[in-house]
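Q: I should like to learn how to read helix burial, nonpolar cores and salt bridges in a structure. Could we take these topics in turn?

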Amino acid sequence: MKVRTEYPNILVHTRKYHLIALFLCSIMLIVDMAPAQASTRFELGCLQASTLCVSSRPNSPAPASVIDTAVVRSSLAKLVGNDTWKDLELPGSLKQKWQAFAEGEEVLSGQEIEVLSDYLSQIEKLQSYAAQSLVPPKTHPVFRAQEVSDDQVQTRLVAYAVEAPEKTGSQAESLFMITTSTTGLPRGLALAPQIDGLQQHISTDGNYVEYWNNTGKRILRAQGRAVPKGIILNEALQDLYHHNEYAQASIFPRFDYPDIGVDTGFYGLEDNLTYQQILLLGEALQLFNRPELAPMKNAILNPKNDILLYETLENGNAGINYVGSNVIGLDRKDLFWNKYYLASVIAHEGTHVMQGPMGITKDVCAEVYHREIANRKIPQDLYNWNAEEVIQAIKDNEIGTYHVSVWFLHLFKFPQLDAFKGIILTGKVSGKPLVNCSAFTQ
C-alpha cells in the first residue's frame, strides 16, 4: 500500500462570473494527498437525472402466426435493393439464403421468418437513429448481426452498426453506440471509443456497446448520451472532452459497470485511465456491495449521479463536486494507488451530493467549513454507527464530508485515520487552513 506522508494546503479556486450571477463563487477545495480528499465547486445550472434507454431483455420477435410472410419478403427485397445490403455481413450463408428468399427462390421456416422480421425491424430503427444524429458526422455506419440465445435457447439476431472497415484501417470493429436523451429517448448514433486492453461487442439487447477483456469477462458497457447545453453536466463534460467531436455535438460516451451492479454514469475513463486503472476503479466500486454499505451505495452510486475521470484536476485536487448538482470529478494522478482510498473519495464527494445546494448565507466560508468538518468534533460512537445512521446525520447537518471519510476508512482499517481526524479537529491541513476564506471576498 502506498503511504502518503505530506498533505498540502487546501486552496479555493474562484470563477468570478459565477460569483456575480449567484452571489456565490465557484469554489474548489483543493485536495492533494491522502487526507485532503475533497473539493467543492459552486456553479450555475441544474442537473437532470440520468435515465437510460434499455430493456433488461431483448424484445422477442413476433410469432410467425401473426407475421405476414409477403410483407417480410417485400421489406427484405427493398433492403437487398439498396447499398445497405451490399455492406451487410451476416453469419454463415444467411445472406445468400435471405437474398434467395427475397427473390422468391427460397422458402423459410416459421422460426426463420420470425428471426428475419425481427432483424429487419432492428435495422430500420438503427437507420432512423443514424438519420437523426451521427457522431462524428462524416462516419459511415454499416450493419452487422450477432447471434444470441435467450433462456429458452431460442436464437435471434441482434443488429448493430460499425464504422465502414475501409475507413477505420483496423481489423477490430468500431461499433456505434445508441445515443439517448436525458429522458431515455433514442437520439442518434455515436461512434464508441476504443479502449486499450478491451474489445467491443454489442450487448444482447442491442442497446449498449460492451467492453470485454481477453479472458472473456465483461468490464464496461457504454451508451451515447445527449446532454443539453446550459446544465452543469454539459459544462463539465465540455471541459473534460475539450475540442473532441463529442463536445462539439454535446453527445458523450457514458460508461457503467453492469456486472458490479453500479448504474452511475462514468465519463472520460476511456482517455484518462489505463486498463489497470479501469479495473482498480471497478474494485473500489465493488467495496460498496458489502451488505453494511448498501444504503451508502444506493445514496451515492445511483443512475442520477455522474462521475467524471480527469487526467489531472486543477491544483492537485483528488476529487470535486459541483455544489447543488450530481456531478463528481475524480483525479487519476492522486487516486489510483489504493482501492480503499479511492472508494473513500467517492463516498466523500457523494456526501457533498447528499448535502445538496447551499442556502443563502452571509458567511459562505463558515458554511463551507461546516459542510466539510461540521462542528469540528468527532462523535465518540461514530465507528459504531451503521450506514443509515451516517446518512441521516448527513441529512441532519450533524457531520461533514471528512467524518464520512473517517467512518468509511475505519471500516476498512485504513492506516492513516489520524491525519483525517486531525483535519476535522483543527480545520487545518499541514498547519494551513482547510479553506481559503479570502477567495469569498474577491
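A: Certainly. We begin with a helix in this predicted model. In helix α4, which spans residues 94–102, the buried residues are Lys95, Trp98, Ala100, Phe101 and Ala102.

Q: What covers the buried residues of α4?

A: The cover includes the helices α2 (69–80), α3 (83–87) and α5 (110–132), together with strand β4 (155–163). Just after α4, Gly104 adopts a positive phi of about 75 degrees.

Q: How should one read a nonpolar core, and which residues have the most contacts inside the largest one?

A: A nonpolar core is a set of buried residues of nonpolar type joined through side-chain atoms within 4.5 Å. Here the largest has 102 residues, and Leu220, Phe266, Leu269 and Leu281 have the most contacts inside it. Helix α13 (residues 339–355) provides the largest share of this core, seven residues. Apart from it lies another core of 31 residues, including Ile67, Val72, Leu88 and Ile113.

Q: Which residues does Phe266 touch, leaving aside those up to four places away in sequence?

A: Phe266 is in contact with Pro253, Arg254, Phe255, Asp256, Tyr257, Leu281, Leu285, Ile307 and Leu309.

Q: What is the general idea behind a salt bridge, and how many does a search of the whole structure find?

A: Side chains of opposite charge can pair when their charged atoms come close. The search finds 12 salt bridges. One of them joins Glu112 and Lys97, whose closest N and O atoms are 2.6 Å apart. This pair links distant parts of the chain, with Glu112 in helix α5 and Lys97 in helix α4, 15 residues apart.

Q: Are Glu112 and Lys97 buried or exposed?

A: Buried means under 20% relative accessible area and exposed means over 50%, with partly exposed in between. Glu112, at 27%, is therefore partly exposed, and Lys97 likewise counts as partly exposed at 27%.

Q: Where in the chain do Arg218 and Asp259 lie?

A: Arg218 lies in strand β9 (residues 218–226), and Asp259 in the loop between β10 (251–257) and β11 (262–267), so their pairing ties together parts 41 residues apart in sequence. The closest N and O atoms of this salt bridge are 2.5 Å apart. Asp259 is partly exposed, with a relative accessible area of 47%.

Q: Which strands hold Arg221 and Asp263?

A: Arg221 is in strand β9 and Asp263 in strand β11, 42 residues apart. Their side chains meet in a salt bridge with an N to O distance of 4.0 Å. Arg221 is buried at 15% relative accessible area, whereas Asp263 is partly exposed at 32%. Elsewhere, salt bridges that share partners join Glu89, Arg144 and Glu173 into one network.

Terms used
Residues are numbered from 1 along each chain as its sequence is written. This is a predicted model: local features need pLDDT of at least 70, side-chain atom pairs count only at pLDDT 80 or more; totals for chains, interfaces and linings use all residues. Side-chain values use heavy atoms; hydrogens and water are left out. Buried means under 20% relative accessible area, exposed over 50%, partly exposed in between (1.4 Å probe, protein chains only). Helices (H or I, at least four residues) and strands (E, at least two) are DSSP runs, numbered from the N terminus. Contact means heavy atoms within 4.5 Å.
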